[in-house]
Amino acid sequence: SVKTSSPRNHRTSVTRSKSSESLLTTANLEEYILEATWKLLCVNIENRLEAIKEGFQRVLGAEGQNWPASEWQKLQKLLCGETEIDLEGWYAKSTAEGFSNSREAAKILEWWFVVLKRWEPA
């Protein structure tokens, strides 16, 4: 048996088992559509929404409960990072470790940043 909240009254519980299901008719079509829509759009994704909520709470910490909607850009930056990367600054602060030859390391870094400069995000 599947237990879901009813779309008509969120406080009541609707329990259906396969043995008690009736045939779909024009008389119960609207109820069927409401129940099916509720299950597809609410019940089936409840655990996914909970995971998203937990992720937001980890990123935002205690502030998460009272995050102002007007600060969506700050939230976007926290979740996604910078929209533009300062490649020159990144290159200036980069070092390559694990190479026996420092020239080789410098060439690898230079090649890497040439590739990054040519790359255009989709």
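1. I would start with F113, which is buried, its relative accessible area being 3%. This value, like the others below, comes from a predicted model. F113 forms an edge-to-face aromatic pair with Y91, in which the ring centres are 5.0 Å apart and the planes meet at 70°. That pair links distant parts of the chain, since Y91 belongs to helix α4 and F113 to helix α5, 22 residues apart.

2. The structure holds 2 aromatic pairs. Besides the pair of Y91 and F113, there is one between W90 and F113, also edge-to-face, with 5.2 Å from centre to centre and 85° between the planes. Because W90 lies in helix α4 and F113 in helix α5, this pair ties together parts that are 23 residues apart in sequence. W90, Y91 and F113 accordingly form one aromatic cluster.

3. The members of that cluster should be described with some care as regards exposure. F113 is buried at 3%, below the 20% limit used for that class, whereas W90, with a relative accessibility of 38%, counts as partly exposed. Y91 is likewise partly exposed, at 36% relative accessibility.

4. S94 deserves a point of its own; it is found in the loop between α4 and α5. Is S94 buried or exposed? S94 has a relative accessible area of 17% and therefore counts as buried, the limit for that class being under 20%. A polar atom of the S94 side chain lies 2.6 Å from the backbone oxygen of W90, and W90 is itself a member of the aromatic cluster. When neighbours within four places in sequence are left aside, S94 is in contact with L109 and F113, so that F113 appears here again as a contact of the loop residue, and the relative accessible area of F113 is 3%.

5. Which residues form the salt bridge? The structure holds 1 salt bridge, and it is formed by K117 with E88, whose closest N and O atoms are 2.9 Å apart. K117 sits in helix α5 (residues 102-118) and E88 in helix α4 (residues 87-92), so this pair too links distant parts of the chain, 29 residues apart.

6. Just before helix α4, D86 is found in the loop between α3 and α4. D86 counts as exposed, at 53% relative accessibility, and its side chain reaches the backbone nitrogen of G89 at 3.1 Å.

7. A separate piece of packing involves helix α2 (residues 46-60) and helix α3 (residues 72-80), whose axes are 11 Å apart and which pack at an angle of about 95°. That angle makes α2 roughly perpendicular to α3. On the α2 side the contact is made by F56, V59 and L60, and on the α3 side by L75, L78 and L79.

8. For the chain as a whole, the secondary structure comes to 5 helices and 2 strands, arranged along the sequence in the pattern β-β-α-α-α-α-α. Of the 122 residues in the chain, 12% are buried, and S94 and F113 are among them. Among contacts in the chain with a separation of 6 or more, 27% come from residues 24 or more positions apart.

How values were computed
Residues numbered from 1 in each chain as written. Predicted model: local features only at pLDDT ≥ 70, side-chain atom pairs only at ≥ 80, totals over all residues. Heavy atoms only, no water. Salt bridge = Lys/Arg side-chain N within 4 Å of Asp/Glu carboxyl O. Helix = DSSP H or I, 4+ residues; strand = E, 2+ residues; numbered from the N terminus. Buried < 20%, exposed > 50% of the residue type's maximum accessible area, 1.4 Å probe, protein only. Polar contact = N/O pair within 3.5 Å; in protein donor to acceptor, adjacent residues only side chain to side chain. Contact = heavy atoms within 4.5 Å. Phe/Tyr/Trp six-rings, centres within 6.5 Å; stacked < 30°, edge-to-face > 60°. Axes fitted to C-alpha atoms, helices over the stretch in contact; angles between N-to-C directions. Parallel < 35°, antiparallel > 145°, perpendicular 65-115°, else oblique.
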